[in-house]
Amino acid sequence: MAGIVHIFHAGRRGYRQRVHTERPKPLQQYTTEELYNRFRFGLDDINYIADLVRPQLQCRTLRSHVLTVEEQVLIALRFYACGTFYEVIADSMGVHRTTVGEVVTAVSDALARLLDHFVTFPTDGQIAKVKQKFFLLGDMPNTIGVIDCTHVHIQAPRQREWEYVNRKGRHSINVQLVGDADLAITNCVVRWPGSVHDARIFRESRLFTEFQTNKPDGVILADSAYPLLPWVMTPFPTANTPSQMRYNNAHGRTRCAIERLNGVLKRRFARLNYLRVEPQGACQITLACIVLHNIVVHRRVPLSDIDDPPEPLAPADDLGPPMDWSGGGAMRDAIVCNYF
């Protein structure tokens with residue numbers, strides 16, 4: 001491959017050459033379809049992402065061979081998309097392995113800072129539309145969100161390794177996600193080790209604290225691992241009447257959105273299936289992918305290989321009857337009586 005040769009003086013030892021390999025230019029050499037396949041985004045979307053993180057990544061050095069913001073974004077997007085080793089990405093992007101690691105860290109941190117801008121719960125003016133979309137999805141009334149946790153598997157950490165072993169015996173971060181009917185993420189918690197139960201993550205989240213104080217105008221659907229609250233609806237452990245059966249069916253069809261969201265997120269960004277980094281780095285990469293996922297939803301970025309039917313509902317972590325806090329059972333009975 002052709003290279004750029006720089007000759008410089010090295011004192012009494014004489015001259016030596018530094019050869020910089022000419023890097024590929026994906027934005028110029030790939031078609032739109034090839035960009036989607038390799039980076040999960042097209043040209044306009046990549047430029048949009050680069051502009052978002054430019055303030056954090058723009059280098060002030062005048063060295064001639066520094067990575068541009070666009071090149072840094074492409075390296076990170078390739079890492080998120082393909083779940084392979086640094087060396088493979090380094091070879092394909094014409095950089096050193098250590099550069100890939102540094103770039104992924106910098107881009108992930110920059111994207112994670114944008115979380116509050118791209119991950120927001122529906123406002124009062126948006127609630128009615130959100131409820132309508134959920135009702136069209138599964139005939140479940142008054143629904144403003146669906147919630148579940150998903151595990152991002154990681155390598156065994158060097159410190160407090162046992163805390164990250166989940167119920168399946170693998171090391172992971174347990175990530176709580178709330179989504180809407182369009183599969184956009186409206187709330188997330190990304191900080192808990194894999195051994196922590198879904199219900200505890202929920203109870204200690206800001207979402208729980210806020211909605212316990214200020215009840216939302218609607219309900220969030222959850223599986224039986226979560227407590228039954230006036231604003232959190234879980235299924236009946238045993239449907240004893242036709243109405244309860246119809247409620248459970250509608251609940252399952254609607255809550256299926258969060259199962260599909262989890263699946264789409266990990267298929268779109270295959271790196272989230274296993275991260276060879278320490279927990280803090282895994283959390284930053286996960287947050288970056290969450291921001292990118294919502295950019296995909298809002299900009300309607302196509303990706304045909306994940307446009308498939310919803311996955312079957314996963315079993316809850318806790319199959320016992322959900323705890324009824326503060327009249328959740330009465331609210332569920334009222335929904336059954338009025339709608340089913």
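Biologist: Let's start with helix H4, residues 69-82. How many Å should its 14 residues span, and how far apart are its end C-alpha atoms?

Modeller: Happy to walk you through this predicted model! At 1.5 Å a residue, the 14 residues of H4 should span 20 Å, and its end C-alpha atoms are 20 Å apart, so the two values agree.

Biologist: Is H4 mostly covered or mostly exposed?

Modeller: To read that, we call a residue buried when its relative accessible area is under 20%. In H4, 12 of the 14 residues are buried, so the helix counts as mostly covered. Among the buried ones are Val-69, Leu-74, Phe-79 and Tyr-80. Have a look just after H4 as well: Gly-83 takes a positive phi of about 60 degrees there.

Biologist: Now a strand, please. What should I look for in E3, and which strands pair with it?

Modeller: Here is the general idea: in a regular strand the side chains alternate between the two faces of the sheet. Strand E3 covers residues 143-153, and 11 of its 11 residues are buried. E3 pairs with strand E6, residues 219-221, in the parallel sense over 3 bridges. With strand E4, residues 172-179, E3 runs antiparallel, and 8 bridges join the two.

Biologist: Which residues are the bridge partners of Thr-143 and Ile-147?

Modeller: Thr-143 has Val-219 in E6 as its bridge partner. For Ile-147, the partner is Val-178 in E4.

Biologist: How do I describe two helices that pack together, such as H11 and H13?

Modeller: Two packed helices are described by the angle between their axes and the distance between the axes. The axes of H11 (242-268) and H13 (residues 328-339) come within 9 Å and cross at roughly 100 degrees. Angles of 65 to 115 degrees count as roughly perpendicular, and H11 and H13 are therefore roughly perpendicular to each other. Where they meet, Ser-243, Gln-244 and Tyr-247 in H11 face Arg-332, Ile-335 and Val-336 in H13 in contact.

Biologist: Where is Thr-238, and is it buried or exposed?

Modeller: Thr-238 lies in the loop between strand E7 (232-233) and H11. Its relative accessible area is 51%, and a residue over 50% counts as exposed, so Thr-238 is exposed. Its C-alpha atom is separated by 9.3 Å from that of Asn-248, 10 residues apart along the chain.

Biologist: Last one: how many disulfides are there, and are Cys-283 and Cys-337 buried or exposed?

Modeller: A search of the whole structure finds 0 disulfides. Cys-283 counts as buried, at 12% relative accessibility, whereas Cys-337 is exposed, with a relative accessible area of 66%.

Note on methods
Residues numbered from 1 in each chain as written. Predicted model: local features only at pLDDT ≥ 70, side-chain atom pairs only at ≥ 80, totals over all residues. Heavy atoms only, no water. Buried < 20%, exposed > 50% of the residue type's maximum accessible area, 1.4 Å probe, protein only. Helix = DSSP H or I, 4+ residues; strand = E, 2+ residues; numbered from the N terminus. Pairing = 2+ DSSP bridges. Disulfide = S-S within 2.5 Å. Expected span 1.5 Å × (residues − 1). Axes fitted to C-alpha atoms, helices over the stretch in contact; angles between N-to-C directions. Parallel < 35°, antiparallel > 145°, perpendicular 65-115°, else oblique. Contact = heavy atoms within 4.5 Å.
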